[in-house]
Number of protein chains: 2
Amino acid sequence: MSVITIVGAGMMGSAMSFPASDNEHEVRLVGTHLDREIIEMVKENHIHPKLQRKLPACVQPFHIEELEKALEGTDLVIGGVSSFGVEWFTRNVLPLVPDTVPVLSVTKGLEDQSDGELLPFPYAMKRKLPHGRRLSLNAIGGPCTSYELADRRHSAVVFCGDDSDILMKLKNMLKTSYYHISISTDVPGVECAVAIKNAYALAVSLAIGLVEREDGIGCNQAYNPQAALFAQSIREMSKIIKLVGGKEENIVYGAGDLYVTIFGGRTRKLGTLLGRGLSFDEAMAELEGITLESVAITSCLARALYKREEASLVKTSDFPLLMHVNDIINNHAPVAIPWEKFETDS
Amino acid sequence: MSVITIVGAGMMGSAMSFPASDNEHEVRLVGTHLDREIIEMVKENHIHPKLQRKLPACVQPFHIEELEKALEGTDLVIGGVSSFGVEWFTRNVLPLVPDTVPVLSVTKGLEDQSDGELLPFPYAMKRKLPHGRRLSLNAIGGPCTSYELADRRHSAVVFCGDDSDILMKLKNMLKTSYYHISISTDVPGVECAVAIKNAYALAVSLAIGLVEREDGIGCNQAYNPQAALFAQSIREMSKIIKLVGGKEENIVYGAGDLYVTIFGGRTRKLGTLLGRGLSFDEAMAELEGITLESVAITSCLARALYKREEASLVKTSDFPLLMHVNDIINNHAPVAIPWEKFETDS
């Protein structure tokens with residue numbers, strides 16, 4: 001039995017308490033300053049208000065002020081913040097984690113640098129650590145929505161990091177009969193695949209709204225247009241994985257993650273609204289209060305690709321679907337799928 | 001304007017009359033001996049009973065006895081039979097097609113040879129032609145269900161064949177504002193990708209029934225298990241494409257086709273029934289009258305892989321999902337997804 005401290009009590013971080021407690025670890029769940037109400041409710045009756053599930057009985061809730069206490073004697077820190085909390089996590093949590101304690105992060109995202117480089121979060125965090133620190137930063141990729149993990153549905157994920165021995169140790173700490181863990185040292189490939197799928201889930205979802213615009217909401221769905229955008233997504237995602245130096249085979253995690261995000265995630269709602277004809281601002285107004293990783297990652301990718309194009313390293317025309325989504329989000333473009341640009345001759 | 005003769009009046013063959021007639025070609029639709037009732041009804045009121053859509057007014061229906069008349073002066077023959085009709089098509093139709101007239105087939109499938117070789121249909125047909133014939137045999141891949149094509153939904157397909165000039169000519173004959181055509185000379189890669197997706201659509205659909213077995217039919221769907229099987233499908237499909245000497249990048253057509261088959265196709269029904277706990281025989285009894293390409297291609301692939309394993313060319317253990325589906329179909333195995341076999345260390 002080990003001690004596992006989860007920092008960030010959002011849906012995914014909290015859902016990690018299920019495989020953690022099923023392995024009979026001591027599980028400590030620390031809310032950030034944004035999670036105060038969640039922690040209060042967990043303290044009261046163990047129900048997570050966003051996840052709408054009762055957390056395992058052994059989960060000990062902590063407010064952020066109790067972080068140091070929650071880290072005492074811990075064997076593993078799970079980073080449970082969203083991509084918007086990574087900066088905060090790096091500054092406020094990592095300094096308190098001893099180098100001997102590995103960190104495993106659920107956060108999916110990339111950080112674009114001024115030269116157009118795209119850094120996976122574990123690498124971006126590492127760059128911000130004081131010189132000489134040897135903290136082991138690992139991350140979880142693959143298709144896994146939080147509420148289904150909390151329901152103990154079969155979920156196949158991948159733990160990635162630089163050291164296979166540590167990855168294997170993490171796997172042994174968290175695997176269950178329903179939580180299936182691959183491991184990979186291809187951090188750029190895996191993290192890129194699972195981060196960029198958010199942009200492409202938005203793209204595929206446009207087709208849902210486009211059909212509704214033609215036929216009326218609630219009518220029969222059409223899958224040919226979605227499938228066409230899905231195929232184009234896989235094509236562009238594979239190119240981006242190559243670009244960051246990842247292994248092409250790790251597109252599988254992006255493909256699975258794209259699939260689950262189209263069907264099980266919140267990004268579908270935004271894409272559908274845009275496809276129906278709402279402007280980006282109108283759609284965001286309807287989604288009030290929801291921070292969408294898909295919007296952030298699309299803008300990040302587009303910025304990086306434009307930078308690299310300036311240096312003649314890529315052609316943005318090789319990514320017509322992504323660029324169109326970026327134009328919708330950032331340049332007030334109406335939805336007009338550039339179908340002909342997807343046609344290839346190979 | 002050209003003359004296009006479609007042979008095989010099933011759903012997909014008949015749906016091809018939409019892009020053909022929208023390009024203002026003369027369109028002749030020839031039913032096989034199995035399509036007699038369909039042709040009768042089209043002659044009567046132009047409604048296709050299976051597609052449940054009215055065919056374009058210019059479509060001229062023919063019975064199989066009128067095949068020679070329907071081929072007179074034709075510029076393109078579209079092969080519209082299912083994989084179960086390929087043998088018949090090769091023996092009875094191809095001999096009547098002049099070498100100057102290209103053939104474009106909607107049939108997706110592979111033919112396994114006695115040594116475990118997997119031949120795409122255009123190549124398998126070619127081998128059966130008399131020596132010296134130079135007929136151009138091409139095929140259509142990519143995600144495109146017949147009824148959505150008939151509804152003129154955006155659909156992205158790929159025409160593959162040996163000669164890019166002919167492919168470009170075919171593209172120009174059939175492209176429309178909704179029918180988007182890529183071309184590729186990678187016949188093994190494209191055809192393999194789009195044929196084997198039927199086996200994997202069956203595999204992914206198992207997860208739908210498995211969840212229903214736990215929660216009851218009609219309850220909330222879970223996507224983590226489907227996405228896990230989707231990712232494993234892409235992994236195994238990529239390996240099979242490599243095995244037949246196809247270009248790995250053409251997995252995109254298989255991925256899109258897999259997506260549309262899970263959602264828009266009949267194979268979903270079989271997978272769901274099996275996942276719920278029905279035996280293969282019970283499930284097939286419920287699907288009475290439906291000939292399923294997914295069953296045929298699974299058995300074909302498994303036969304070929306076992307043959308190649310005997311010759312130490314592959315390990316069937318690299319395809320745990322396919323082999324499990326084959327065991328369900330051919331060896332009375334109950335559904336028991338081998339989750340742990342999907343875990344990798346890379």
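**Figure 1. Strand E11 of chain A and its parallel neighbour.** Strand E11(A) and strand E12 (residues 179-184) of chain A pair in the parallel sense over 6 bridges. Strands and helices are DSSP runs numbered from the N terminus, with at least two residues for a strand (E) and at least four for a helix (H or I); two strands pair if DSSP finds at least two bridges between them. A:His180 in E12(A) is the residue opposite A:Ala156. Between E11(A) and E12(A) the chain passes through helix H8 (residues 164-174) of chain A, in a right-handed β-α-β crossover. Right-handed here signifies that, with the strands pointing away from the viewer, the path from the first strand over the helix to the second runs clockwise. The model shown is predicted: local features need pLDDT of at least 70 and side-chain atom pairs count only at pLDDT 80 or more, while totals for chains, interfaces and linings use all residues. Residues are numbered from 1 along each chain as its sequence is written, and chains are lettered from A and ligands numbered from 1 in the order in which they are written.

**Figure 2. Surroundings of strand E11 of chain A.** Strand E10 (residues 137-141) of chain A runs antiparallel to E11(A), and 3 bridges join them. A:Ile140 stands opposite A:Phe159. Because 6 of the 6 residues of E11 (residues 155-160) of chain A are buried, this strand is largely enclosed by the rest of the structure. A residue is buried if 20 or more other C-beta atoms, placed from the backbone, lie within 10 Å of its own, exposed if 12 or fewer do, and partly exposed in between. A:Ser155, A:Val157 and A:Phe159 cover one face of E11(A), and A:Ala156, A:Val158 and A:Cys160 the other; all are buried.

**Figure 3. The open sheet of chain A.** The 8 strands follow the order E5-E2-E1-E6-E7-E10-E11-E12 (chain A), with mixed pairing. At the edges lie strand E5 (60-62) and E12 of chain A, each of which pairs on one side only. From one strand to the next, the twist averages 25°. Helix H9 (residues 187-215) of chain A packs on the sheet and touches E10, E11 and E12 of chain A; its direction makes about 45° with that of E10(A). Axes are lines fitted to C-alpha atoms, for helices over the stretch in contact, and angles run from 0 to 180 degrees between N-to-C directions.

**Figure 4. Parallel pairing in chain B.** Strand E2 (residues 26-30) of chain B pairs with E5(B) in the parallel sense over 3 bridges. B:Gln60 in E5(B) is the bridge partner of B:Arg28.

**Figure 5. Relation of the two chains and the nonpolar core.** A turn of 180° and a shift of 0.0 Å along the axis lay chain B on chain A with an RMSD of 0.0 Å, by least squares on the C-alpha atoms of residues with pLDDT of at least 70 in both. That is the relation of a two-fold axis. The largest nonpolar core has 234 residues, and those with the most contacts inside it are A:Ile196, A:Ala255, B:Ile196 and B:Ala255. Such a core is a set of buried Ala, Val, Leu, Ile, Met, Phe, Trp, Tyr and Cys residues joined through C-beta atoms within 7 Å.

Conventions. Contact = placed C-beta atoms within 7 Å.
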